[in-house]
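Student: I am new to this structure. Please take a close look at one part of it, the strands and how they pair, and then place that part among its surroundings.

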Amino acid sequence: MFLKKKYSVIEFGTSKVSIAVGKSAGKNADIMGIGICEYAGFRDNEWVAPQDLEESIYLAKKDAEFKSGKKIYNIYVMIPGEFTRSFFSHLYTKPINMDGCIVQSDIDKMIDEGTHDLPWPDDYEIIHTAPVLYLLDGMSWRRSPEGSYAKDLECFVSYTAADRVFMENMTAVLDNVGIGVSGFVAAPKATGELIFRESEKKTVIIIDSGYFSTDILIYENGGIIIHENVSLGGYHIASDIMVKLGLDRDRAEFVKKSCSIGMDNIGVNKVIVDEDGTRISFPTGDTQEIIEARVDEIVSILVELIGKTGMSLNNRTALFVTGGGIGNIKGIREYIARTTNITTKVFSPSRPIVSTPMQTGVCAGLEYVISTKGLVNSKSYNENNDYDFKLA
């Protein structure tokens with residue numbers, strides 16, 4: 001009997017380490033189990049408590065093994081958006097054949113040459129490259145143009161690079177825990193691909209919020225058009241509530257999750273009971289204003305990014321909010337839709353059925369690894385117009 005290969009993926013969120021184990025189920029992933037361990041996370045490209053990182057990974061691994069019934073020896077590593085950079089380039093070439101027939105070497109040469117002048121930092125290395133749109137003599141072409149004819153070939157290409165130091169350090173850390181690294185996947189790339197595939201929209205705009213930071217990206221046809229990681233997340237909202245209401249962090253988090261935004265709550269107090277049975281009374285209007293102010297900051301950055309692309313928004317565009325930073329706030333979808341005038345949804349993975357926005361990243365990583373049959377860092381071309389480059 002043929003046994004399907006099992007894959008494991010680890011995601012480093014800003015407050016949780018998550019490990020997912022799964023296998024192929026047609027074009028999708030059969031997620032067998034997800035292990036989670038809360039930890040101090042990272043801020044400003046630094047681990048908050050590096051001495052606890054190995055133990056956190058080990059505990060998430062044991063949890064994933066227990067839930068999936070499978071031992072984990074090798075794993076694919078999701079690189080957080082804070083450690084990645086994406087660039088979108090417009091490239092030109094002329095087919096090598098005199099008759100204008102485009103061959104694969106024309107495409108490869110154009111895309112390879114496009115990597116030479118990209119402005120990423122010296123310690124960053126390319127890990128994903130995706131042609132988003134071709135132009136053949138000015139006519140748009142979304143699939144591979146190999147075998148077609150044109151005098152001029154153009155391509156809009158998305159390149160994603162990752163911090164080499166992060167990859168080297170993570171390889172060493174996982175080795176100490178007894179886990180080998182099978183490959184690296186940029187978290188914004190995998191998240192964009194999953195939401196794009198499940199949304200059936202031409203262009204998706206994504207707000208993926210964590211505890212300390214938020215990834216804002218625009219994704220289309222296999223590639224990141226623009227991406228920015230900003231130091232705003234659930235922590236900043238809870239911190240504001242702590243200062244304003246004089247609460248400790250846990251109770252501030254509880255208040256944040258209990259408050260609805262986008263409503264007329266002026267002068268209204270709400271009483272809730274926390275997990276310890278303590279009654280907490282807070283002014284809903286003031287709390288709502290605190291949350292909305294932080295959400296408005298994120299939305300303003302999003303609007304600025306959209307402006308940089310020059311894109312026009314229409315019914316083929318949708319905005320998705322995911323992640324645990326703001327994705328679970330009551331009224332977030334309606335508030336952002338009204339603020340941006342863009343169709344907005346809160347995204348949770350369709351597999352497993354009980355998943356939440358907090359699990360989007362690790363589920364997206366597993367879906368991506370399985371869809372590429374694990375070949376995430378070998379130089380290859382696939383049906384999704386996606387090139388992945390082997391790490392040096």
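Tutor: A residue counts as buried when its relative accessible area is under 20%. By that cut-off, five of the six residues of strand 6, residues 74-79, are buried, so the strand is mostly covered. Keep in mind throughout that this is a predicted model.

Strand 6 pairs with strand 1 and with strand 11. Strand 1, residues 6-12, runs parallel to strand 6 and is joined to it by three bridges. In that pairing Glu11 has Met78 of strand 6 as its bridge partner. Strand 11, residues 180-186, is also parallel to strand 6, and here there are six bridges. Met78 appears again in this second pairing, standing opposite Val185 of strand 11. Met78 can therefore serve as a landmark, because it is a partner of Glu11 in strand 1 and of Val185 in strand 11. In general, the strands of a sheet pair through backbone hydrogen bonds, in either a parallel or an antiparallel sense.

The antiparallel sense is found at strand 10, residues 153-163. Ten of the eleven residues of strand 10 are buried, so this strand too is mostly covered. Strand 7, residues 84-93, pairs with strand 10 over ten bridges in the antiparallel sense, and Phe88 stands opposite Ser158 of strand 10. Strand 8, residues 124-136, is likewise antiparallel to strand 10, with eleven bridges. There Tyr124 stands opposite Asp163 of strand 10.

Further along the chain, five strands make an open sheet in the order 14-13-12-17-18, with mixed pairing. Strand 14 (223-230) and strand 18 (344-346) are at the edges; each has a single partner strand, so one side of each has no neighbour in the sheet. From one strand to the next, the twist averages 15°. Within this sheet, strand 12 and strand 17, residues 317-322, run parallel and are joined by six bridges. Val204 has Ala318 in strand 17 as its bridge partner.

Strand 12 covers residues 203-209 and contains Ile205. The relative accessible area of Ile205 is 0%, so Ile205 is buried. Beyond four places in sequence, the contacts of Ile205 include Leu217, Ile218, Leu302, Leu313 and Phe320. Ile205 and Val321 are 116 residues apart along the chain, yet their C-alpha atoms are separated by 8.6 Å.

Two helices belong to the surroundings. The axes of helix 4, residues 187-199, and helix 9, residues 360-371, come within 8 Å and cross at roughly 85°. That angle makes helix 4 roughly perpendicular to helix 9. Among the residues that meet are Lys189, Leu194 and Arg197 in helix 4, and Cys363, Glu367 and Tyr368 in helix 9. Sorted by class, this contact has five nonpolar, four polar and four charged residues.

Last comes the confidence of the prediction. The chain has a mean pLDDT of 88, and 92% of its residues reach 70 or more. Over residues 378-385 the pLDDT is below 50, although this stretch has 22 contacts in the model beyond near neighbours in sequence. For residues 387-392 the pLDDT also stays under 50, and the model has 35 contacts there beyond four places in sequence. Where pLDDT is low, predicted coordinates should not be read in detail.

Note on methods: Residues numbered from 1 in each chain as written. Predicted model: local features only at pLDDT ≥ 70, side-chain atom pairs only at ≥ 80, totals over all residues. Heavy atoms only, no water. Axes fitted to C-alpha atoms, helices over the stretch in contact; angles between N-to-C directions. Helix = DSSP H or I, 4+ residues; strand = E, 2+ residues; numbered from the N terminus. Parallel < 35°, antiparallel > 145°, perpendicular 65-115°, else oblique. Contact = heavy atoms within 4.5 Å. Nonpolar A, V, L, I, M, F, W, Y, C, P; charged D, E, K, R; others polar. Buried < 20%, exposed > 50% of the residue type's maximum accessible area, 1.4 Å probe, protein only. Pairing = 2+ DSSP bridges. pLDDT = per-residue confidence, 0-100.
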